[in-house]
Amino acid sequence: MSIHGLRRIAGGFAPFAALIVFLVGLSMMAAGQQPAAPPAGGMQHGGMAAMNDDWPKAKLDASPRHREWVSIKHGDRTVQAFVVYPEVKEKAPVVIVIHEIFGLSNWARSMADDLAAAGYIAIAPDLLSGFGPNGGGSDKFADQDARVKAVSGLDAKVVTADLDAAADFGKKLPASNGKLAVVGFCWGGSNSFAFATHRKDLSAAFVFYGTGPDAAAIQSITAPVYGFYAGNDARIGATIPGTTEAMKAAGKKYEPVTYDGAGHGFMRAGEAPDASPANAKAREEGLKRLTDLLKSM
């Protein structure tokens, strides 16, 4: 049969294929199942559907710790940052929290609160400060797609300057003991690694499912770097061997841990109401490892 003949058959079959898909959907609903729907907001990043940011707000609202918004000025920029203080007697180390590609969400702020609960001053800068509608930040964008696009388009030099300003602010706080660490998630994980190539007074950098910098940049790292990765995240997992080799060749301390069965974004997904057992386990183990390492700084 000719190619034209095959095309005529395929074209004639298309309506029947559509009917079959429709009937399968009806049978699934009759059996109490729902056909897969696209994620709210339409965008996925790294396998993560659009997030529900309501439950982290409820968690945050119930926190007993002191929380405040501060305006950090540097040059011609003003960065809004969320600061949470621990309930401790002594001065505490500062941890800079770098948000996901979704901007400074309620979850990112609740993660800062978790670190304060463990005894650290947590500072989470909104790296979209001033870039939102009417000069606003993360909360002024219309939806998740818009925030993802905006974060993806941030200038790396501006991000570094913002993080520097947040770190300088934190170290000067009366309640700070002068020690400084950085932790980032997803997009923020990659930027946590990148910040370690720039900031010489870091005691540690924590990278959650983020990629490493190039070999040339790695040469300037002075702090130990600790990686937290998901077993079901080949996109990021495939980069770990190269990063390990480059860090070893440069004589830098790098300790990656992969959590079997977990997916990208397990620190957030693992405490969601619909968390899978693997994500929940990875989240619990990841948080314990993070806080244990912070104690050893």
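Where is Asp 143 found? In this predicted model, Asp 143 is found in the loop between β4 and α4, and with a relative accessible area of 34% the residue is partly exposed. Along the chain Asp 143 and Phe 102 are 41 residues apart, while in the model their C-alpha atoms are separated by 9.7 Å. The loop between β4 and α4 also holds Asn 134, a residue to which this account returns below.

Before going further, it helps to take in the whole chain. The protein has 297 residues, of which 47% count as buried, and its secondary structure comprises eleven helices and eight strands. Among the contacts in the protein with a separation of 6 or more, 66% are accounted for by residues 24 or more positions apart.

The confidence of the prediction deserves attention at this stage. The mean pLDDT of the protein is 87, and 83% of its residues reach 70 or more. Confidence is highest in strand β4, residues 121-125, at 99, and lowest in helix α1, residues 3-30, at a mean of 38. Over residues 1-48 the pLDDT stays under 50, and for this stretch the model has 33 contacts beyond four places in sequence. Where pLDDT is low, the predicted coordinates should not be read in detail.

The interior can be approached through the largest nonpolar core, which has 84 residues; Phe 206, Phe 208, Phe 266 and Leu 290 are the ones that touch the most other members. In soluble globular proteins, nonpolar side chains tend to be buried together. Taking Phe 206 as an example, and leaving aside residues up to four places away in sequence, its contacts include Ala 181, Val 182, Val 183 and Gly 184, and also Tyr 226, Phe 228, Leu 290, Leu 293 and Leu 294. Ser 192 is another residue that Phe 206 touches.

A pair of helices comes next. Two packed helices are described by the angle between their axes and the distance between the axes. Helix α5, residues 156-171, packs against helix α6, residues 187-196, at an angle of about 75 degrees, and their axes are 11 Å apart. Because angles of 65 to 115 degrees count as roughly perpendicular, α5 is roughly perpendicular to α6. On the α5 side the contact is made by Val 159, Thr 160, Leu 163, Asp 164 and Ala 167, and on the α6 side by Trp 187, Asn 191 and Phe 195. Sorted by class, the residues in this contact are five nonpolar, two polar and one charged.

Two residues stand out for their backbone. Most residues other than glycine have a negative phi. Cys 186, although it is not a glycine, has a positive phi of about 60 degrees, and it lies in the loop between β5, residues 176-185, and α6. Asn 134 is likewise not a glycine and has a positive phi of about 60 degrees. The surroundings of these residues can be set side by side: Cys 186 is buried, with a relative accessible area of 3%, whereas Asn 134 counts as exposed, at 86% relative accessibility.

The path ends in helix α11, residues 277-295, where Glu 285 has its place. Glu 285 is partly exposed, with a relative accessible area of 35%, and its C-alpha atom is separated by 8.6 Å from that of Tyr 259, a residue 26 residues apart from Glu 285 along the chain.

Methods:
Residues numbered from 1 in each chain as written. Predicted model: local features only at pLDDT ≥ 70, side-chain atom pairs only at ≥ 80, totals over all residues. Heavy atoms only, no water. Axes fitted to C-alpha atoms, helices over the stretch in contact; angles between N-to-C directions. Helix = DSSP H or I, 4+ residues; strand = E, 2+ residues; numbered from the N terminus. Parallel < 35°, antiparallel > 145°, perpendicular 65-115°, else oblique. Contact = heavy atoms within 4.5 Å. Nonpolar A, V, L, I, M, F, W, Y, C, P; charged D, E, K, R; others polar. Core = buried A, V, L, I, M, F, W, Y, C linked by side-chain atoms within 4.5 Å. Buried < 20%, exposed > 50% of the residue type's maximum accessible area, 1.4 Å probe, protein only. pLDDT = per-residue confidence, 0-100.
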